Amino acid sequence: MRVIDSDAVHSAMTVGRAAYVLREALLDGLDPAADIPRGGADVPSGGQLLWMPSTSRDHAGVKLLTVGGDPWVQGAYLLFDGPSLAPVALIDGPALTDVRTPAVSFAGVLEIVAARRDPDRPLRVAIVGSGPQAVHHALGAVELFGEGADGEGVDVTFVVRTPRDIDCDVPHTVATELPAGADFIVCATSASEPVLDDGDVADHAVVVAMGAHHPEKRELPGELMRRARVIVEDGHVAETECGDVLLAVEEGHLRRGDWTEFRDVVVKQDLARELAAADAPIVFKTAGMSWEDLAVAVEILART
């Protein structure tokens, strides 16, 4: 069995590569609705144990993580060969998550962002947050939307409550307010209340909300959900785990089922073009699904 540590994960896989791995899985016919639900349990000493199992024709795997320790997130991904059911790799769990999570964000909106961007100026990327996921979203934005080896054509701004230095390898600025007219906005926070005001989000903006993973927590206001065209990873996940969606429905800002699923945006090119042409913001609400970890883990193994 191979042991693939954090350095090996990041050497083998970038956010951009992982985004295309996920898109290929969907184009090959994968149905997220058939995925195995993830689960979790409180640990008596504090914190949580989380598990995310998934199976495919050729592989099976499960990610096991603990949350609340030091470091805050720890764990591993155990990958099995499908036909023999033998374990074939043990992969650093947080490193896999660092790559997979932003890959989902980009995989669902690649065509929409590309169609909406103004070719005569840099793409204005605003990332609300300053943690590891914020940084990896910045790296992914430059990789996927930048031009040339230096990733020119993308202006990255981290939006934080208190100005601070952020350890990120791409050129960026730090601000306390959302830049006016931001084109691509990522909410990567642990907030339980909205971190954006509806009025600050332009009609042409594409917004990814990936930080809130609880039915009673949200990063986006209901008014924005009412105005936007909404994409979700999976309808069942949206209705059971995503406060951004559930609370907007409860408040009457969004009708149940009035959204598009990730798979459809990737598979149906006409739908992606329709969304890109809409005179409204696009919101992609993600929570993370087990099939995504499995798809990226298989590709990491193939590249190491």
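Here are a few friendly notes on how the two domains of this predicted model meet.

1. Let's start with the layout. The domain assignment splits the protein into domain 1, made of 2-97 + 291-302, and domain 2, covering 102-289. Taken over C-alpha atoms, the centres of domain 1 and domain 2 are 23 Å apart. Domain 1 brings 24 residues to the contact, and domain 2 brings 23 residues.

2. Next, the buried surface. About 1,900 Å² is buried between domain 1 and domain 2, and carbon and sulfur atoms account for 61% of that area. On the domain 1 side, have a look at Val15, Arg23 and Arg38: together they supply 33% of the area that domain 1 buries against domain 2, more than any other three residues.

3. Arg38 deserves a second look for its charge pairing. It forms a salt bridge with Glu241, with the closest N and O atoms 2.6 Å apart. The count of salt bridges between domain 1 and domain 2 is two. Polar contacts also cross the interface, with eleven residue pairs found where both partners are at pLDDT 80 or more.

4. Which elements give two or more residues to the side of domain 1 that touches domain 2? They are α2 (15-27) and α11 (290-303). Of the elements, α2 gives the most to this side, with ten residues.

5. Finally, the make-up of that same side of domain 1. By class, the residues touching domain 2 are twelve nonpolar, five polar and seven charged. When you browse the model, Arg38 with its partner Glu241 and helix α2 with its ten residues would be good places to begin.

How values were computed. Residues are numbered from 1 along each chain as its sequence is written. This is a predicted model: local features need pLDDT of at least 70, side-chain atom pairs count only at pLDDT 80 or more; totals for chains, interfaces and linings use all residues. Side-chain values use heavy atoms; hydrogens and water are left out. Domain bounds come from an automatic or database domain assignment. Contact means heavy atoms within 4.5 Å. Buried area is the accessible area (1.4 Å probe) that two parts lose on being put together, summed over both. A salt bridge is a side-chain nitrogen of Lys or Arg within 4 Å of a carboxyl oxygen of Asp or Glu. A polar contact is a pair of N or O atoms within 3.5 Å; within protein, one must be able to donate a hydrogen and the other to accept it, and residues adjacent in sequence count only if both atoms are side-chain atoms. Helices (H or I, at least four residues) and strands (E, at least two) are DSSP runs, numbered from the N terminus. Ala, Val, Leu, Ile, Met, Phe, Trp, Tyr, Cys and Pro count as nonpolar, Asp, Glu, Lys and Arg as charged, and the others, Gly among them, as polar.
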